[in-house]
Amino acid sequence: EPFIQTVKDDGPPIPPSSASVPQTALFEDTDLAYRVVSGTIKWTAGFLAATDFHEVYFSKTEEASAGEPGTQQIGGRVPVHERDELIMSSPVSLDVAPPDSGEYKYVLIFAGNQYGVSAFSTAILIEDVNVGCRDSSTDPC
């Protein structure tokens, strides 16, 4: 009898697509200090077949790539099958660290796998609960 071997081809190794990023996301600031946030970032995962983990970043803009200037990773990789949230147990300043400048305005959540991190993300606008101080560049409270 002839020997027949079947080979499964999953296509080229690529990072997750836009379908893999979280479909919904929520962040509520629980820190009352001006331009400082803490709390829990929660999300509902997207298509999981190509997703092994999520990475969460602060960003100056709504559309940025993971790790580019103007972003700061929050915590480490979050394994998909362990949890769908990231808890910021310590307060974090929204001021961008030098040599860059400005203020972080968004939380971005990216899907990732063994081949990389998606070019797409889910964005959450950060709302500092210290509303009375929002119009000042210094802490008047």
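Let me start with strand β3, residues 53–59, which is joined to β4 by six bridges, the two strands running antiparallel. One residue pair to look at in that ladder is Phe58 in β3 and Gln72, its bridge partner in β4. Please keep in mind throughout that what we have on the screen is a predicted model.

That pair of strands belongs to an open sheet of four strands, whose order is β4-β3-β6-β7 and whose pairing is antiparallel. At the edges are β4, residues 71–79, and β7, residues 116–125, each of which pairs on one side only. From one strand to the next, the twist averages 25°.

Stepping back to the whole chain, the secondary structure comes to seven strands and zero helices, so that, if you read along the sequence, the pattern is simply β-β-β-β-β-β-β. Of the 141 residues, 36% count as buried. If we take the contacts with a separation of 6 or more, residues 24 or more positions apart account for 63% of them.

Now to the interior. The largest nonpolar core has 18 residues, and those that touch the most other members are Phe27, Ile41, Val56, Phe58, Leu86, Met88 and Val107. You will notice that Phe58, which I mentioned as the bridge partner of Gln72, is in that group. The strands β2, β3, β4, β5 and β6 each supply at least two residues of this core. As a general remark, nonpolar side chains in soluble globular proteins tend to be buried together.

Phe27 is a good place to see how this core is put together. Leaving aside neighbours within four places in sequence, Phe27 is in contact with Val37, Ser38, Gly39, Thr40 and Ile41, and also with Met88, Val107, Ile124 and Ile126. Among these contacts, Ile41, Met88 and Val107 are themselves in the group that touches the most other core members. There is also a second, separate core of five residues, which includes Tyr57, Tyr106, Leu108 and Phe110.

Let me turn to the charged side chains, where the structure holds six salt bridges. What does Arg35 form a salt bridge with? The partner is Asp95, and the closest N and O atoms are 2.5 Å apart. Arg35 lies in the loop between β1 and β2, whereas Asp95 lies in the loop between β5, residues 85–93, and β6, residues 106–113, so the pair ties together parts that are 60 residues apart in sequence. Is Arg35 buried or exposed? With a relative accessible area of 17%, Arg35 is buried, because the cut-off for that class is under 20%. Asp95, by contrast, counts as partly exposed, at 38% relative accessibility.

A further salt bridge is the one in which the side chains of Lys60 and Asp100 meet, at 3.2 Å from N to O. This pair also links distant parts of the chain, with Lys60 in the loop between β3 and β4, Asp100 in the loop between β5 and β6, and their positions 40 residues apart. Lys60 is partly exposed, with a relative accessible area of 28%, and Asp100 likewise counts as partly exposed, at 28% relative accessibility.

The side chains of Glu82 and Arg83 meet in a salt bridge too, with an N to O distance of 4.0 Å. Here Glu82 counts as exposed, at 60% relative accessibility, while Arg83, at 36%, counts as partly exposed. Finally on this topic, salt bridges that share partners join Arg35, Asp95, Glu103 and Lys105 into one network, which brings us back to the Arg35 and Asp95 pair.

My last stop is Ala19, whose place is in the segment before β1. At 38% relative accessibility, Ala19 counts as partly exposed. Not counting residues up to four places away in sequence, Ala19 touches Gly46 and Phe47. How far apart in space are Ala19 and Ser121, C-alpha to C-alpha? The distance is 9.9 Å, although the two are 102 residues apart in sequence.

Note on methods
Residues are numbered from 1 along each chain as its sequence is written. This is a predicted model: local features need pLDDT of at least 70, side-chain atom pairs count only at pLDDT 80 or more; totals for chains, interfaces and linings use all residues. Side-chain values use heavy atoms; hydrogens and water are left out. Two strands pair if DSSP finds at least two bridges between them. Axes are lines fitted to C-alpha atoms, for helices over the stretch in contact, and angles run from 0 to 180 degrees between N-to-C directions. Buried means under 20% relative accessible area, exposed over 50%, partly exposed in between (1.4 Å probe, protein chains only). Contact means heavy atoms within 4.5 Å. A nonpolar core is a set of buried Ala, Val, Leu, Ile, Met, Phe, Trp, Tyr and Cys residues joined through side-chain atoms within 4.5 Å.
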